[in-house]
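Biologist: I would like a close look at one part of this model, described strand by strand. Please give the cut-offs as you go.

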Amino acid sequence: MAEPVPLLRTKNLTMRFGGVVASNNVDFTLGEVELRCLIGPNGAGKSTFFKMLTGQLVPSSGTIAFRGRPIAGAASHEIARLGIGIKTQVPNVFNGLPVRENIWLAARRRNTPTQTKRLVDEVLHKIRLTERANELVGYLSHGQRQWVEIGTVLAGEPELILLDEPAAGMTDEETVRTAEIIREINTTRALIVVEHDMQFIKMIAKTVTVFHQGQILMEDTIDVVMRDQRVRDVYLGKRIAA
Amino acid sequence: MPAVVRGALNLAALALAVIVLVALPDLVEVFDLMQITLFAAMGVLALSLGFIWGFGGILSFGQTAFFGIGGYTYAVAAINLGDSTGAIALAICVPAIVAGMIGYFAFYGRISDVYLGVITLTVTLILFDAVNSTAGDEYRIGKAALGGFNGMPSVPTFNLPGDPSTVLDPTQGWYATGGALIVVYGLLRLILGSRFGRIAVAVRENEVRASLLGYDPRIIRLAVFVIGGAIAGLGGALYTNWGAFVSPTIFSLSLSAEIIIWITVGGLGTLIGPVIGCFLIQYLTSQIGSQQTFNSNLILGAILIAFVLLLPKGLIPTLRDLVMKAARALPRRGTAIEASEKLVGAK
């Protein structure tokens, strides 16, 4: 009878912008240490969903529970403190500050100065930017700035990590490295990854949730999803044909 | 720049400042010393805006509101208490509290940057009008008559802490004012090096990212604003002490605008820049004023336009960039010489 409380559960989550329904009655459940990929065409409501989870948008209706605790409508910094970290679609980094300072700011919130230093070195190594640690983030390439942002998320040591298009603007090699990092993170943490790059999804995905017009179209393993005719019609069709 | 070099440079600059502070009275006439004391009082005001604008990203068009509240608080308290010690403390606390109230509504009400500028400007104008119309004898706080547009004359000047009978002479007044400028500068350096200061800069850089990392931008901004208010208040006390006089012109629009020019000239995003800009511009306007050939506002405007067009970063950052460029070019020239020596040797 006693069902375990999932890490994240949304019920009837709805977001309206005037007449547009960006998110429509989304019921979504994520278990502890699960890796979930979200796919769907542009405007399917993936980023809106992420923004509601992180307090950047207040849902019009519905609930979000993080380990059973309601968080819908809470401020971004409160949700971050509970343990949800996000890499946003457009990189949100401190462009005018050095790479190390970016990571330090994320790491320092929960750690003593000594612990922080160790954690920062560890994260810099993980995102392969140790050599460029003293450069201003604004001068780095788009792919590297993506990594800096992933690094700030990691340094905050959240329980749940949301990555909105983490591989966008990366070279093939960088993409492979990002997939490695994601699998590594997933050994201890839960992740939700939004991506358009199907090659990338195949590298990391276990379960895939398909969004379409603000609703969940289906949810299954990557193979089943890719064989599904409806999914092909709304999203994959053009790409696979091409 | 490596942190060690930066730290050493900061210490060297601090040592130099202390030497100037101690040696200046022997080097210049009393009249000039008084003039420089005024510049230093204004320098504290410049630091307050330099801090909240350059490091907190908060553009306040009305930093003179806190400067003026500090000046008036000092005058009222000094007349009532008869001792400057507590009056200075009040001149720091009262503006800080007012900044806290304005800042609370602004930052927690999510008022955006431009509107904050408008609000601070409006507060200054309201204060100017309000204080201007307190000429009647019924407007007094304790023993102190506010005096309206006539201002408050014969304000007791600084005395030794806790000893009202020993009033500071002009030289000692310089030590107090110049010393306050150095202490405020040092404190701001410490704040900026601390965890809080680094988070404040992060909030300026990207508020969304800061909040997604778990920092509340509202409380950080508020704290920066309150610190700025407190420093401006201290500047006001120093200013009132300098002339033993305070009048509503302390809230004037032209002074509000002038601080922004000091910072633009000296360099936004630095601490020393606003102070240097403040000294330069004040020196210039006092020179122009004594010659009476040009209108000083005209010259100020021309300087502002010239800087915005030609040196938009301001003096100090431009200078720093030049030095950094030279430093980077030097080792390269070194290797070039080595290479040519090798070539010569090979021949």
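In what order do the strands of the open sheet in chain A lie, and what kind of pairing do they have?

Modeller: This is a predicted model, in which local features need pLDDT of at least 70 and side-chain atom pairs count only at pLDDT 80 or more, while totals for chains, interfaces and linings use all residues. Residues are numbered from 1 along each chain as its sequence is written, and chains are lettered from A and ligands numbered from 1 in the order in which they are written.

The open sheet has six strands in the order β6-β7-β8-β3-β9-β10 of chain A, and its pairing is mixed. Strands (E, at least two residues) and helices (H or I, at least four) are DSSP runs, numbered from the N terminus; two strands pair if DSSP finds at least two bridges between them. At the edges are β6(A), residues 84–87, and β10(A), residues 215–221, each pairing on one side only. Between neighbouring strands the average turn is 20 degrees, direction ignored.

At the β10(A) edge, β9(A), residues 207–212, pairs with β10(A) in the antiparallel sense over six bridges. Within β10(A), A:M218 is the bridge partner of A:V210.

Towards the other edge, helix α5(A), residues 142–155, lies across β6(A) and β7(A), the latter covering 160–164, and runs at about 175 degrees to β6(A). Such angles run from 0 to 180 degrees between N-to-C directions, with axes fitted to C-alpha atoms, for helices over the stretch in contact. Contact means C-beta atoms, placed from the backbone, within 7 Å.

Beyond the sheet, 18 residues of chain A are in contact with 14 residues of chain B. On the chain B side, α7(B) gives the most, with five residues.

Key:
Contact = placed C-beta atoms within 7 Å.
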